[in-house]
Amino acid sequence: MAWSLKDLFSPRSAAAPMSKSSFSDLFVDLHSHLIPGIDDGAKTMEESLELIRTLSELGYRKLITTPHIMHDMYRNTPESILSGLEALRIELEKEGIEMAIDAAAEYYLDEHFIHLLGNEKLMTFGENYLLFETSYTIRPYALFEHIYAIASRGYKPVLAHPERYSYLHDSPEDYHAIKKMGVFFQLNINSLGGYYSTPVKKAAEWIVDQGMVDFVGSDTHKMRHLDSLSKAKHAPYFQKLFDKNTLLNPTLH
Ligand SMILES: [Fe+2]
């Protein structure tokens, strides 16, 4: 199609809404559930491949996928995760999908986790970052002591989607206190588009405004998360995320 300089400087181009930053600036996504059949994420290999193809189209170049390790629900181990990862890598290669993929885990803070912490080498990414989550509604018993235990074992704790915990929503002082303990915050991009709820969106925006975000994640389980992700890119806070926070995703390449 022919175009000229006039098109570039037309008032219409100037007025067109444009987001400066994009998923390709992040390079790496570090929170997803893409290993088929081992948690509540992708159910089949075909579904995994479709999700990964779409993540590639969105601009990501590397995925660190993080299956749940939650004793009551998903009894994953490093062995189950790494063998699933290997099978997935083989299929990616066969299908000619160019995407680097590693695995860690999303640990649920419970008694089982505390046991693992004391007895096993846990699954981490980058420079010993450990992704963990808690109940969405009930404040965990001894939250601060458990965070201290993670850090004292030499791990760098990364709190998955801090905006999703309703027990923190009315406690800005707790967000600050957790941050002050050296916890890294991983925000879900979909929270900014209102995918989960209005209170979660508001909490996410507040965290962005505070400049507290260290990592962002897609938390992809299903295609609906990626449909929503492409819309979240146009949320007003998406650009703010990049402007007001130092995002560490690209350091994980
Ligand atoms: Fe997750």
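The following exchange examines a predicted model.

Me: What is the mean pLDDT of the protein chain, and over which residues does pLDDT stay under 50?
Reply: The mean pLDDT of the protein chain is 92, with 92% of its residues at 70 or more. Where pLDDT is low, the predicted coordinates should not be read in detail. That caution applies to one stretch, for which the model has six contacts beyond four places in sequence and in which pLDDT stays under 50: residues 1–19.

Me: Which strands are the edge strands of the open sheet of six strands?
Reply: The strand order of this open sheet is E3-E5-E6-E7-E8-E9, and the pairing is parallel. An edge strand pairs on one side only, which holds for strand E3 (68–69) and strand E9 (215–217).

Me: In E8, which residue is the bridge partner of Ala 160?
Reply: Strand E7 (residues 156–160) runs parallel to strand E8 (residues 184–188), and three bridges join them. Within E8, the partner of Ala 160 is Gln 186.

Me: How far apart are the end C-alpha atoms of helix H5?
Reply: Helix H5 (residues 78–95) has 18 residues, and at 1.5 Å a residue these should span 26 Å. The model agrees with this expectation, since the end C-alpha atoms are separated by 26 Å.

Me: Over what arc around the axis of H5 do Ile 81, Gly 84 and Leu 88 lie?
Reply: Ile 81, Gly 84 and Leu 88 are buried in H5. They lie on the same side of H5, because the arc they cover around the axis is only 70 degrees.

Me: Which exposed residues does the face of H5 turned away from its buried side carry?
Reply: The buried residues of H5 are covered by elements including helix H4 (45–58) and strand E4 (100–103). The face turned away from that buried side carries the exposed residues Glu 79, Glu 86, Ile 90, Glu 93 and Lys 94.

Me: Which helix gives the most to the largest nonpolar core?
Reply: The largest nonpolar core has 64 residues, and those with the most contacts inside it are Tyr 107, Leu 130, Leu 131, Leu 192 and Ile 207. Leu 131 is in contact with residues including Tyr 107, Val 158, Ala 160 and Gln 186. With five residues, the helix that gives the most to this core is H10 (residues 198–209).

Me: Is His 234 buried or exposed?
Reply: His 234 is found in the loop between helix H11 (223–232) and helix H12 (236–244). A residue with 12 or fewer C-beta neighbours within 10 Å is exposed. Because His 234 has 12 such neighbours inside 10 Å, it counts as exposed.

Definitions and conventions: Residues are numbered from 1 along each chain as its sequence is written. This is a predicted model: local features need pLDDT of at least 70, side-chain atom pairs count only at pLDDT 80 or more; totals for chains, interfaces and linings use all residues. Two strands pair if DSSP finds at least two bridges between them. Helices (H or I, at least four residues) and strands (E, at least two) are DSSP runs, numbered from the N terminus. The expected span of a helix is 1.5 Å times one less than its number of residues. A residue is buried if 20 or more other C-beta atoms lie within 10 Å of its own, exposed if 12 or fewer, and partly exposed in between; C-beta atoms are placed from the backbone. The arc is that of the directions from the helix axis to the C-beta atoms. Two residues are in contact if their C-beta atoms, placed from the backbone, lie within 7 Å. pLDDT is the predictor's confidence in each residue, from 0 to 100. A nonpolar core is a set of buried Ala, Val, Leu, Ile, Met, Phe, Trp, Tyr and Cys residues joined through C-beta atoms within 7 Å.
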